Amino acid sequence: MVTIWWGVLGLLLGGYFALAGYDYGVGMLLPALSRDEAGQRRVLGAVGPFFLANEVWLIAAVGVLFGAFPHLEGRVFAGAYVLVVLLLLGLVTFTAAVQLRSRHPEGNRRAWTFAITAGALVTAVSWGLFLGNLVRGLPLDAGGRPVDDILALFNPYAVLWGLGFVALFCLQGLIFLAVRGPAEIAGRVRRLARSFLLPAGVFLAGATIWGAFSVSGGSWAALAVVAVAFAAYFVVLFGLNRPQSALPAVMLLSACPALLVGVLRFPVVLSSGTGYQLTVDQAATTPDMAAVIGWFAAPTLLVLVIVQWLTWRAHRRPIDEKSLLHF
């Protein structure tokens, strides 16, 4: 049962990165995609129908983490509290700015546009730093307590992940816009997408090679996830002119880092460079509490998947001048 709950958590986090990644990518590139107000509204309108539904995957994942793995939640948030605070600041700024930007048609929106871009950038970098540290090992002492050195969270390997997530989410956002974005920016989207292919590939190769020499205790499942990530990247690389095919591939590519963290040392789910390890059984809640959560998790997950699918079906066509703009 504990392994099943770990798989549910991985599914929710993978779904979040696969879907919300293009939100952050579009947000980071908003000023570069269109200079005029009408164009920027149509760019945001492309992600508008999916925006809140994409964020729900993260809320569901955090709920499972708190409910099913309370001991893991405490260690992770304590060991990376600086990154968690940065992540929350980025998420709140980005989400609020997207929704408030168009509230007053007569107002100056440049400050909101800046907040969208900055919030998306901080969110992407924070997620990369956070997952990079989980792969390398959180800076915890032998007893699982956080060390006093905050700068340890910003080690070179984690910084590579932070920069890599910026490139990855930007690439994902551009391919999404190639499918659903307004026609007037199609040429700009294609040019920008080609420019982000190399940085995303460098991140994928660099994190893999560096991790192979610096991370110990990796599993065969981790190798499988890395292989899937490279396969998805090559589908994007050679299928960029067919965005309908490239979009599922880049979404899968964005989900792979979260999946990698989940299977890297399984059944160990948290480790540090000092030798501290937390297994999935040690991180889990009591069987009675897991059973109670199960009554709510299964129908909630089913509803989440159905609503996401129906939302995409209803808004699968590219946006144009006649489209309803949510933001």
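# Pockets, cavities and salt bridges: worked exercises

With 7 residues, helix 8 gives the most to the lining of the second largest pocket. The model is predicted.

**Exercise 1. Describe the second largest pocket: its volume, its lining and the helices behind that lining.**

Solution.
- Step 1, volume. The pocket holds about 430 Å³.
- Step 2, lining. There are 24 lining residues. Nearest the centre of the second largest pocket lie Tyr157, Ala207, Thr208, Val226 and Leu260.
- Step 3, source. At least two lining residues come from each of helix 7 (156-180), helix 8 (186-214), helix 9 (220-238) and helix 10. Helix 8 gives the most, with 7 residues.
- Step 4, class. The lining divides into 20 nonpolar and 4 polar residues, with no charged ones.

**Exercise 2. Which residues lie closest to the centre of the largest pocket, and which helix supplies the largest share of its lining?**

Solution.
- Step 1, volume. The largest pocket has about 780 Å³ of space.
- Step 2, centre. Leu13, Leu58, Val62, Leu65 and Trp127 are the closest to the centre, out of 34 lining residues.
- Step 3, elements. Helix 1 (2-33), helix 3 (51-68), helix 4 (70-79), helix 5, helix 6, helix 10 (243-263) and strand 1 each give at least two residues to this lining.
- Step 4, largest share. Helix 3 supplies it, with 8 residues.
- Step 5, class. The count is 30 nonpolar, 3 polar and 1 charged.

**Exercise 3. How many cavities of 30 Å³ or more does the whole structure hold, and what lines the largest cavity?**

Solution.
- Step 1, count. The search finds 2 such cavities.
- Step 2, volume. The largest cavity contains about 90 Å³.
- Step 3, lining. Its walls are Leu134, Val135, Val261, Leu264, Arg265, Val268, Val269, Leu270 and Ser271. Two or more of the lining residues come from each of helix 6 (110-136) and strand 1 (268-271).
- Step 4, main contributor. Strand 1 gives the most, with 4 residues.
- Step 5, class. The lining of the largest cavity has 7 nonpolar, 1 polar and 1 charged residues.

**Exercise 4. Place Tyr81 in the structure: its element, its accessibility, its patch and its cavity.**

Solution.
- Step 1, element. Tyr81 sits in helix 5 (residues 81-100).
- Step 2, accessibility. The relative accessible area of Tyr81 is 42%, so the residue is partly exposed.
- Step 3, patch. The cut-off for patch residues is over 30% relative accessible area. Tyr81 is at 42%, so it clears that cut-off. Together with Ile150, Leu151, Phe154, Val159 and Leu163, Tyr81 makes a nonpolar surface patch of about 570 Å².
- Step 4, cavity. Tyr81 also lines the second largest cavity. The other lining residues are Gly79, Pro139, Pro146, Val147, Asp149, Ile150 and Leu153. Ile150 thus appears both in this lining and in the patch.
- Step 5, volume and class. The second largest cavity has about 50 Å³ of space. Its lining comprises 6 nonpolar, 1 polar and 1 charged residues.

**Exercise 5. Analyse the salt bridge of Arg109 and Glu37.**

Solution.
- Step 1, distance. The N to O distance between the two side chains is 2.2 Å. The pair links distant parts of the chain, 72 residues apart: Arg109 is in the loop between helix 5 and helix 6, while Glu37 is in helix 2 (residues 37-47).
- Step 2, cut-off. A salt bridge needs the N and O atoms within 4 Å.
- Step 3, burial of Arg109. Buried means under 20% relative accessible area. Arg109 has 9%, so it is buried.
- Step 4, burial of Glu37. Glu37 has 31%, so it is partly exposed.
- Step 5, network. Salt bridges link Glu37, Arg101 and Arg109 in a network.

**Exercise 6. How many salt bridges does the structure hold, and is Arg42 buried or partly exposed?**

Solution.
- Step 1, count. There are 4 salt bridges.
- Step 2, the Arg42 pair. Arg42 bridges to Glu184, with 2.7 Å between the closest N and O atoms. This pair also links distant parts of the chain: Glu184 lies in the loop between helix 7 and helix 8, and Arg42 in helix 2, 142 residues apart.
- Step 3, accessibility. Arg42 counts as buried because its relative accessibility is 17%. Glu184 is at 45%, so it counts as partly exposed.
- Step 4, another pair. Asp141 and Arg145 meet through their side chains in a salt bridge at 3.3 Å, N to O.

Notes: Residues numbered from 1 in each chain as written. Predicted model: local features only at pLDDT ≥ 70, side-chain atom pairs only at ≥ 80, totals over all residues. Heavy atoms only, no water. Patch = residues over 30% accessible without salt bridge, like charges linked within 9 Å, V, L, I, M, F, W, Y side chains within 5 Å. Areas by Shrake-Rupley, 256 points an atom, 1.4 Å probe, with all protein chains shown as cover. Buried < 20%, exposed > 50% of the residue type's maximum accessible area, 1.4 Å probe, protein only. 1 Å grid on protein atoms, 1.4 Å probe; cavity = no way out; pocket = protein on both sides within 12 Å on 5 of 7 lines; lining within 4 Å. Points joined across faces, edges and corners; volume = space filled by probe spheres on them. Nonpolar A, V, L, I, M, F, W, Y, C, P; charged D, E, K, R; others polar.
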